[in-house]
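Student: Please take one part of this structure and look at it closely, describing its surroundings and then the enclosed space elsewhere in the model.

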Amino acid sequence: MAPEVSPRRARAVLVALSFAAFAFITTELLPVGLLTHIAPDLDRSRSQVGLLVTGYAVVVVVASVPLARLTQRIPRRHLLSGTMFLFAAANATAALAPTYGVLAGSRLVTALAQALFWSIAAATVIGPFPVAVRGRVVALFATGATLSPVLGVPFGTWIGQQAGWRVAFAVLAGVGLAIAAAVHVLLPSYPPAAGGAARGTAPDGRRFAVLLIATALGIGGFMTLQTYVTPFLLDVSGFADAVLAPLLFVAGAAGVVGTLAAARTLDTRPIASLLTPLSIGTAALFGMYALGALRPGAVALIAGIGLAYAAFGSAVQSRMLQLAPGSTDIASAGVSTAFNAGIAGGSLLGGALLPISGARPLALVGGLLTLAALTLLALDARRGRAATPARTASPLHERLDTATFARPGRAGHGASHPQRAARPPG
């Protein structure tokens, strides 16, 4: 059984793992911001540097579920702190990479660390919190990932422009070491199966499979454009290289707004929390295709894409914790696989189209993919409403459950009995 965790310590673990998510997503996407600097330094094309994102995602796709199964019995304190040490070492190697091959190899190692991190972090971080507010906790945890485009990627891009792209990776190595130490100190050690979020609260294998397919399609749509957003902004919108970092900041800031907005609905309206960001993202991607050459329109639309991408990611993670048909670690690994299949597929598709048709059609293709994901989830929601009886829990009962989140001394409330939670709507 998991040890009691004080509210203060639970929140500290949440902050530490949110910073870890920040570091991983920054590392994964940093080549997007530094694409035009890495390519000439290593004598490679932009498309080849874009493959650093594609290859990273492919490794996560292949490794997530096997690594989650191999490490099921290792205490999360040791596993997560070791993962962050590996992250730090791999980024230090990237900073010193003399060739494209060494850089690609270092990112392969980082991708393995990320595959393991995303398989176990969500269940670890939300375990001490009540079931009724776990969607909110997921959104707070995801804030670290959404802040990476706001602070991490733009700051890394700026460092790369000022001091060289290698310095950006060296900074990430230092950040990884600090997080590893914090996780080792803060996270208690106990068997993974004893965690309060070890099982889904409303297991449904069929709907979980639909969620995985829609995740791969939706993320693939976003990443078809986002992987090559810098060539789009330079070649289609006509922005100067000096304003790329501020534009990435705008997209990232919108992502934070999207995540915080999702936090208000994840626990009470999980289906709407999935469909709304996909609708916004689809409209924004089609808008970029039609209006991307107009600079004011491009700024607004890139913000809409950032908002939708972040909110959708939070909604998927929260929904996984409800629908997981077995272990949430394995389910989380499945979501990570689907997420990164979308990243790999989108970036590969964008890389194939870019030399042939230029950057503008990437927005159209991305919009078609997110539209397919939206349609799939909407049909599943309709089928679910027809097959599932109405939720019986009263609004007063929901308010009482939610209130325990802020009540002192109740951080472990509900942690040992996640299956007692009412089935979420949809």
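Tutor: Helices here are DSSP runs of H or I with at least four residues, numbered from the N terminus, and with that naming Thr-227 is found in the loop between α7 and α8 (229-236). The model is a predicted one, and every value below is computed from it. Thr-227 has a relative accessibility of 1%, and because buried means under 20%, this residue counts as buried. Its side chain reaches the backbone oxygen of Met-223 at 2.8 Å. Leaving aside neighbours within four places in sequence, Thr-227 is in contact with Val-32, Leu-35, Gly-50, Val-53 and Ser-347. Of these partners, Val-32 is 195 residues away in sequence, yet the two C-alpha atoms are 5.9 Å apart in space.

Turning to enclosed space, the structure holds three cavities of 30 Å³ or more, and the largest cavity has a volume of about 700 Å³. Its lining comprises 36 residues, of which Ile-25, Leu-29, Ala-145, Tyr-309 and Phe-339 lie nearest the centre. The elements giving two or more residues to that lining are α1 (7-41), α4 (100-126), α5 (134-163), α7 (205-226), α9 (244-263), α11 (295-323) and α12 (328-357). By residue class, the lining of the largest cavity divides into 21 nonpolar, 14 polar and one charged, and it draws at least three residues from each of domain 1 (1-191) and domain 2 (198-384).

Key:
Residues are numbered from 1 along each chain as its sequence is written. This is a predicted model: local features need pLDDT of at least 70, side-chain atom pairs count only at pLDDT 80 or more; totals for chains, interfaces and linings use all residues. Side-chain values use heavy atoms; hydrogens and water are left out. On a 1 Å grid over the protein atoms alone, a cavity is a set of points where a 1.4 Å probe fits but cannot get out, and a pocket is an open set with protein on both sides within 12 Å along at least five of seven lines; lining residues have an atom within 4 Å of a point. Grid points are joined across faces, edges and corners, and a volume is the space filled by probe spheres set on the points. Ala, Val, Leu, Ile, Met, Phe, Trp, Tyr, Cys and Pro count as nonpolar, Asp, Glu, Lys and Arg as charged, and the others, Gly among them, as polar. Domain bounds come from an automatic or database domain assignment. Buried means under 20% relative accessible area, exposed over 50%, partly exposed in between (1.4 Å probe, protein chains only). Contact means heavy atoms within 4.5 Å. A polar contact is a pair of N or O atoms within 3.5 Å; within protein, one must be able to donate a hydrogen and the other to accept it, and residues adjacent in sequence count only if both atoms are side-chain atoms.
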